[in-house]
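Reader: Please take me through one part of this model closely. I would like the helix packing, the core behind it and any unusual backbone nearby in the account.

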Amino acid sequence: VWWLPAWLREMCTRLMRGFVVDGASGSVMDVPVPEPAEGEALVRVLVAAVCATDIEIMKGYMGFKGIVGHEFVGVVETAPASHAHLVGKRVVGDINLCCWDAASCGTCAVGGARARNHCPKRTVLGILNKDGTYCERLTLPVVNLHAVPDGVSTENAAFAEPLAAAFRIAEQRVVSPKDRVAIIGDGKLGLLIAEVLGRHAASLGEGTPRPVLFGRHAAKMGLLSSAAQVETAFAASALPARAASFDVVVDATGSPTGLDLARSLCRPLGAVVLKSTCAAGADFNTAPFVVDELRVVGSRCGPFPPALELMAAGLDLTPLISATYPLEEAMAAVEKARTKGTLKVQIRVCSDEAAPELDTSS
């Protein structure tokens with residue numbers, strides 16, 4: 001590499017390990033350490049977590065090639081002077097990188113959740129034009145970072161992103177006082193939504209019934225905390241007894257059959273919230289939605305502060321961890337996450353105490 005410019009030689013000799021995907025294949029290899037852009041921090045990844053979206057990406061969703069993953073906990077190694085207080089702190093991060101240019105971007109000019117989730121110029125960590133979390137180091141804008149409370153373990157904090165996504169439903173104000181709410185799916189996302197919406201219903205005051213979580217596995221539904229205040233029931237017995245019984249139905253199954261059940265459980269003029277992405281195509285019959293005048297609500301990324309506050313208040317989600325793998329076995333972690341019955345799989349990238357040495361060999 002002696003013929004390269006000095007700045008490029010230096011970049012090429014700063015290497016780290018990362019899990020790089022291209023379609024259905026992926027492997028751990030040496031890749032350049034990312035250089036923080038203006039306003040960005042360099043973050044050493046402690047734990048990354050496998051999400052269903054990561055699996056869909058390896059089926060072709062978003063056409064992504066690069067380092068996959070968007071759920072993580074890391075330690076800030078470098079940051080702009082304005083955020084020097086973050087150096088050495090454990091952090092989690094919003095996955096959408098917005099332009100925040102109010103002068104040229106009408107979406108960012110509006111601000112709030114619209115800018116956070118829907119900037120048309122955005123990149124998305126591990127999903128769209130931005131390398132993700134299955135690696136030793138990543139970069140993110142400091143405005144995307146949130147410090148992890150001292151009392152929350154690294155393994156628990158790794159649930160912050162999906163828990164924030166569950167809080168998005170409350171943020172969207174889909175649920176009103178006295179609404180009857182159903183959640184379909186007892187996978188990891190369904191359980192997190194139940195934890196959030198159960199507490200949200202209780203906060204709406206007397207007269208608001210407890211949400212009902214419909215699942216297929218008693219053991220999984222049994223992982224809900226008592227503070228969730230959610231009823232549980234088997235999805236197989238939901239119909240016909242509870243057809244058209246709910247004002248709001250959240251589908252967290254990521255499957256066409258789950259969506260069909262959601263539609264059947266929702267009363268006319270009710271709302272069906274879609275909380276999963278799926279690359280697989282399926283015939284979609286719109287007639288029942290039109291006849292019953294159902295409102296279909298998409299729901300994506302949510303606010304991190306209430307998620308971190310809930311974990312700091314004692315919500316322990318680590319019982320949802322089915323397995324943990326080292327970074328070098330990232331492909332095995334993905335395969336485990338694909339296995340039926342698996343909840344959350346985490347990838348331990350490095351320890352909380354020690355940073356991996358950068359490879360500076362030529």
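Author: The helix contacts come first, then the cores, then some single residues.

This is a predicted model, in which local features need pLDDT of at least 70 and side-chain atom pairs count only at pLDDT 80 or more, while totals for chains, interfaces and linings use all residues. Residues are numbered from 1 along each chain as its sequence is written, and side-chain values use heavy atoms, with hydrogens and water left out.

Start with helix 6, residues 160-171. Helices here are DSSP runs (H or I, at least four residues), strands likewise (E, at least two), numbered from the N terminus. Helix 6 packs on helix 11 (residues 304-312) at about 115°, and their axes are 8 Å apart. Axes are lines fitted to C-alpha atoms, for helices over the stretch in contact, and angles run from 0 to 180 degrees between N-to-C directions. Helix 6 is therefore roughly perpendicular to helix 11 (under 35 degrees is roughly parallel, over 145 roughly antiparallel, 65 to 115 roughly perpendicular, the rest oblique). From helix 6, A160, E161, L163, A164 and F167 make the contact. Helix 11 answers with F304, P306, A307, L308, L310 and M311. Contact means heavy atoms within 4.5 Å. By class, 10 of the residues in the contact of helix 6 with helix 11 are nonpolar, none polar and one charged.

Helix 6 also packs on helix 7, at about 45° and with axes 9 Å apart. That angle makes helix 6 and helix 7 oblique to each other. P162, L163, A166, F167, I169 and A170 of helix 6 meet L189, L192, I193, V196, L197 and H200 of helix 7. Here 11 residues are nonpolar, one is polar and none is charged. L163 and F167 of helix 6 thus appear in the contact with helix 11 and again in the contact with helix 7.

Now the core. In soluble globular proteins, nonpolar side chains tend to be buried together. The largest nonpolar core has 48 residues, and L163, I193, L213, V248 and V250 touch the most other members. Such a core is a set of buried Ala, Val, Leu, Ile, Met, Phe, Trp, Tyr and Cys residues joined through side-chain atoms within 4.5 Å. Helix 6, helix 7 and helix 11 are among the elements that give two or more residues to this core, along with strand 14 (246-251) and strand 15 (266-274). Helix 7 gives the largest share, seven residues. Leaving aside neighbours within four places in sequence, L213 is in contact with residues including I183, L191, A194, M221, L224 and V230. Another core lies apart, with 44 residues, including I67, V91, V124 and A333.

Some backbone points remain. Most residues other than glycine have a negative phi, and most peptide bonds are trans. L269, in strand 15, has a positive phi near 70°. L269 is exposed at 56% relative accessibility (buried is under 20% relative accessible area, exposed over 50%, partly exposed in between, with a 1.4 Å probe and protein chains only). Q229 also has a positive phi, about 55°. Q229 sits in the loop between helix 8 (218-221) and strand 13. At 37%, Q229 is partly exposed. A cis peptide bond joins L239 and P240, with omega about 5°. P240 lies in the loop between strand 13 (231-234) and strand 14.

Key: Nonpolar A, V, L, I, M, F, W, Y, C, P; charged D, E, K, R; others polar.
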